[in-house]
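Hi,

Here's the structure I promised to pass along. Have a look at it first, and my notes follow underneath.

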Amino acid sequence: MMHKLAALVLLLFLVSCGDSPFLDKDTDAKVSGNSGLQASSAVLLGDYKVEVEFDGDIVLYDNNNVIITFKRETQFTDPKNNFHAYLWMPDHGHGSFPIKVERLGKGIYKMSEVYFTMPGYWDLHLQFKEDDEILDEYKWPINL
Amino acid sequence: MKFLLALMLAFSASAMTCDMYFESEDLCANFEWTKGPVLNEYSAFEVSFFNEGDTTQTVSPRKDVYMFTWMMMANGHNHGGPAIHSNELIPGVFTVEDAKFFMHGMKGYWMVKVQIRDGETVLDEQAIKVEF
């Protein structure tokens, strides 16, 4: 009896008052990273759906690895333009060590050497570039 | 007079071979770049501890050796750099293979700081200015 009651309460909780946060698996561009927490985001960059996810907790000063995937519709796809990423701290007017990007597989890349050298507000710039021209850019806000 | 001259020469020779002196250990240390220093790539260096005036034998400090990079910004802000990792190759010789320096909009200069620590307590600190 108690099990049935608990299941009913849980069902009511999940279906009432809009979407349940427990059922919402989607992340969007508003998601920010916090030190010690995992962070991920899904954005549109040019024609590609780009998903970025820190591999573990975001850490200050030490290396962070970030997995980034590029999709067109539902297929993993290598971007046709050069992908470039860098960190920038707009309040202080400086960046960080160059981010290394390596291809793991079709449409799947790993960013490493991602160093947040101080707490504060950072932007992770994700760009498609040709030569020095920026074709598309997304700034992912990360507040540490 | 000759004794005084010899003493002065000995002192100056000893001072010339001692990049850093750590009073808490009564040890000197020499600092040597083995790669770089360069911006935006890994640099490497070696720190060797020895008794003052005797560079023939390195000596491991009794307490912990801790090293990190430090940015002295022209606007007065100072902060650390990306983490580096040191390894004591043989007693008294510490190597760092992953020092990471960059400017990327910053004005100022980098330093490498070497500390002698007892747990979290800093007993001694010396620094080398990085010249690119």
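**How far to trust the model**

Chain A has an average pLDDT (the predictor's confidence in each residue, from 0 to 100) of 80, with 74% of its residues scoring at least 70. This is a predicted model, where local features need pLDDT of at least 70 and side-chain atom pairs count only at pLDDT 80 or more, while totals for chains, interfaces and linings use all residues. Residues are numbered from 1 along each chain as its sequence is written, chains are lettered from A and ligands numbered from 1 in the order in which they are written, and side-chain values use heavy atoms, leaving out hydrogens and water.

Among the elements of chain A (helices are DSSP runs of H or I, at least four residues, and strands of E, at least two, numbered from the N terminus), strand β8 (residues 108-114) has the highest mean pLDDT, 97, and helix α1 (residues 2-15) the lowest, 49.

**Where the chains meet**

Chain A puts 15 residues into the contact (heavy atoms within 4.5 Å) and chain B 16. Together they bury about 1,200 Å² (accessible area, 1.4 Å probe, lost on being put together and summed over both), 65% of it on carbon and sulfur atoms. On the chain A side, A:H94, A:F97 and A:T117 lose the most area to chain B, together 37% of what that side buries.

As for salt bridges (a side-chain nitrogen of Lys or Arg within 4 Å of a carboxyl oxygen of Asp or Glu), the rule finds zero across this interface.

Cheers

Methods:
Buried area = accessible area lost by both parts, 1.4 Å probe.
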